[in-house]
Structures are given as C-alpha cells and as structure tokens.
Amino acid sequence: MKMKVCPNCGSKNIYAIDGGVLGDKYRCEDCGYEGMLVVEIEKEEYDAWLKELKKEK
Ligand SMILES: [Zn+2]
C-alpha cells in the first residue's frame, strides 16, 4: 500500500487542506511545507527513502 509523505522532510504527518480545481493541496505538520506535490511511496521502501533524504541534507 502506498502512503503519502512530505517531499521536504519526509514526515508522514501530512494531510490535505483543500481540494481546489487543480487538485488537493497538502500541508506537513512537521516542517510547515504546503503544496500539491507529495511523495507517494510503498511502505516497504519508506525507510530506505528517508535515509537517502536525510543524507542529502
Ligand atoms: Zn515536512
């Protein structure tokens, strides 16, 4: 099953704030990111993906 995570910090605390004509907009509770772009990833791949994300910073 895929899950939505923040493209900025990798948090799972992300939720849709409105569904405009262009689609849903999301907000991340952890870093305050707001935008239409979210990362959809398989649960099994999440840990590895998060590790890569942290390495970039
Ligand atoms: Zn975030």
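# Briefing: fold, core and selected residues of a predicted chain

From the N terminus on, the protein chain runs β-β-β-β-β-α, which amounts to one helix and five strands. Helices (H or I, at least four residues) and strands (E, at least two) are DSSP runs numbered from the N terminus. The model is predicted: local features need pLDDT of at least 70 and side-chain atom pairs count only at pLDDT 80 or more, whereas totals for chains, interfaces and linings use all residues. Residues are numbered from 1 along each chain as its sequence is written.

**Confidence and overall dimensions**

- The mean pLDDT (the predictor's confidence in each residue, from 0 to 100) of the protein chain is 91, and 98% of its residues reach 70 or more.
- Confidence in the protein chain is highest in strand β5 (residues 39-42), at a mean of 96, and lowest in β2, at 84.
- The C-alpha trace of the protein chain spans about 35 × 25 × 15 Å along its principal axes.
- Two residues are in contact if their C-beta atoms, placed from the backbone, lie within 7 Å. Among contacts in the protein chain between residues at least 6 apart in sequence, 38% join residues at least 24 apart.

**Sheet and hairpin**

- An open sheet of three strands is ordered β2-β3-β4, with antiparallel pairing. β2 and β4 (34-35) stand at its edges with a single partner strand each, so one side of each has no neighbour in the sheet.
- Strands count as paired if DSSP finds at least two bridges between them.
- Six bridges pair strand β2 (residues 14-20) with strand β3 (residues 23-28) in the antiparallel sense, and the two strands form a hairpin with two residues between them.
- Within this pairing, D24 in β3 is the bridge partner of G19.
- On the other side of the pairing scheme, β3 and β4 run antiparallel and are joined by two bridges; here G35 in β4 is the bridge partner of Y26.

**Burial and the nonpolar core**

- A residue is buried if 20 or more other C-beta atoms lie within 10 Å of its own, exposed if 12 or fewer, and partly exposed in between, with C-beta atoms placed from the backbone.
- By this criterion, 12% of the 57 residues of the protein chain count as buried.
- A nonpolar core is a set of buried Ala, Val, Leu, Ile, Met, Phe, Trp, Tyr and Cys residues joined through C-beta atoms within 7 Å. The largest such core has six residues, namely V5, C6, I14, Y26, C28 and V38.
- Leaving out residues up to four places away in sequence, I14 touches K4, V5, C6, Y26, R27, C28 and V38.

**Helix α1**

- Helix α1 (residues 43-56) has 14 residues, which should span 20 Å at 1.5 Å a residue; its end C-alpha atoms lie 21 Å apart, in agreement. The expected span is 1.5 Å times one less than the number of residues.
- The helix is hardly covered, as the count of buried residues among its 14 residues is zero.
- E44 is found in α1 and is exposed, with 8 other C-beta atoms within 10 Å. E44 and K2 are 42 residues apart in sequence, and their C-alpha atoms are 9.1 Å apart in space.
- A48 also has its place in α1 and counts as exposed, with 10 C-beta neighbours inside 10 Å. The C-alpha atoms of A48 and Y15 are separated by 22 Å, with their positions 33 residues apart along the chain.

**Residues C9 and G35**

- C9 is found in the loop between β1 (2-5) and β2. C9 is partly exposed, with 17 other C-beta atoms within 10 Å.
- Neighbours within four places in sequence aside, C9 is in contact with C28, D30, C31 and Y33.
- C9 and E29 are 20 residues apart in sequence and, C-alpha to C-alpha, 10 Å apart in space.
- G35 lies in strand β4 and counts as exposed, with 12 C-beta neighbours inside 10 Å.
- Not counting residues up to four places away in sequence, G35 touches K25 and Y26; the latter is the residue to which G35 is also bridged.
- G35 and P7 are 28 residues apart along the chain, and their C-alpha atoms are separated by 9.6 Å.
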